[in-house]
Amino acid sequence: MALAARSSSFLQFTLVRRVSSARTAAKSRAVTRAMGAAIPEGDHFTIPDQPARFAKGKAENNTRMLTTEFFDGGFLKGQRVLVTGGNRGVGLALVKELVACGAMVVVTCRRSNDELGALQNVEVIEKCDVQDLASVEKMVHAVGDPLDIVINNAGYFYEPEETVTSMNFEEQLKMIDICAVGPLRVSSALWRGGKIKKNGGKIAMITSQGGSVAWRVVQNPEGKDYGHHMSKSAANMGGVLLAQELKPEGVMVQMLHPGFNKTGMTAKYEHIWEVEGAVDASVGAKRVLHEIKNMTPEHNGLFINCEDGLQIPW
């Protein structure tokens, strides 16, 4: 996807434009106006309606969305890459792809497993809990040479639906702590320990389209699931501030929605996997790594949908 498409009119906001049917578009505009919200438009933005986005990609035979032909992992050969939460799901898929591309991989997790342990040329640092600063700092001491890429992937999702009558405040705080504060604990500790390379280092924040405030009127027209969405929105804010602070040091930070992946975390949505374009985690890993390749100082601090390489509005 042309990088120029990401930078133009980055913060311009106008009324929502939908690319699906006229009926759906009219309905969406009516909803957003009624809610007092406005969704940014422009060719550099992807669209909020997941089924419509997938259907549009199929109708246009969008190879960026439907295949992995775009992926070239050659840039990863010899790179030192750290992945948090790399013992399962998208994290484990990222580790496998990084190994296949010749990267030198460091995985942090609370505990390893047979599948992770069977991989060659992977350093696993166990007992690292992103909620616990002491364990994170201990992990930093175990990391050897400085890292080229840090992928903050560790996350947590409280599955029961939260409504105004069934909020779980303890779980909300846990999600925010793991998904938003956790990446900052890791990134701060690594930076203070001199373990992230200056002038070219990259920090990828694996967040979610669920962190887009603008998109809640389309994706959550009835609200609900407070903790999940708040945690991802907070993670995005932390990532933007980190991008601004580390920019003078030549370090790039990007917020990446990995797309809809078929993992244990999304198994509760198995009934909509096909209609919404869910993919195997191995495909999701290639998408994420492709966007990490595209990170440049000129396109820093953006919120990118790894399904199509376009921006997601805040």
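The expected span of a helix is 1.5 Å times one less than its number of residues. Keep that handy for the first stop on this tour of a predicted model.

**Stop 1: helix α10.** Select residues 226-246, which make up helix α10. What span should you expect from end to end? With 21 residues at 1.5 Å a residue, α10 should span 30 Å, and its end C-alpha atoms are indeed 30 Å apart, so the two agree.

Now colour the buried residues of α10: they include Gly-227, His-228, His-229, Ser-231 and Lys-232 early on, and Leu-242, Ala-243 and Leu-246 further along. In between, look for Ala-235, Asn-236, Gly-238 and Gly-239, which are buried as well. An α-helix has 3.6 residues a turn, so residues three or four places apart point the same way.

What covers those buried residues? Switch on helices α8 (169-192) and α9 (216-219), then β5 (202-206), β6 (252-257) and β9 (303-305); the cover of α10 includes these.

**Stop 2: strand β1.** Next, pick residues 80-84, strand β1, where five of five residues are buried. Show the side chains: Arg-80, Leu-82 and Thr-84 point one way, while Val-81 and Val-83 point the other.

**Stop 3: the neighbours of β1.** Add strand β2 (residues 104-108), which runs parallel to β1 and is joined to it by five bridges. Then add β4 (residues 149-152), also parallel to β1, with three bridges joining the two. Centre on Val-83: Val-107 stands opposite in β2, and Ile-151 stands opposite in β4.

**Last stop: helix α5.** Finally, select residues 89-100. Together, β1, α5 and β2 form a right-handed β-α-β unit.

Note on methods:
Residues are numbered from 1 along each chain as its sequence is written. This is a predicted model: local features need pLDDT of at least 70, side-chain atom pairs count only at pLDDT 80 or more; totals for chains, interfaces and linings use all residues. Side-chain values use heavy atoms; hydrogens and water are left out. Helices (H or I, at least four residues) and strands (E, at least two) are DSSP runs, numbered from the N terminus. Buried means under 20% relative accessible area, exposed over 50%, partly exposed in between (1.4 Å probe, protein chains only). Contact means heavy atoms within 4.5 Å. Two strands pair if DSSP finds at least two bridges between them. A crossover is right-handed if, with the strands pointing away from the viewer, the path from the first strand over the helix to the second runs clockwise.
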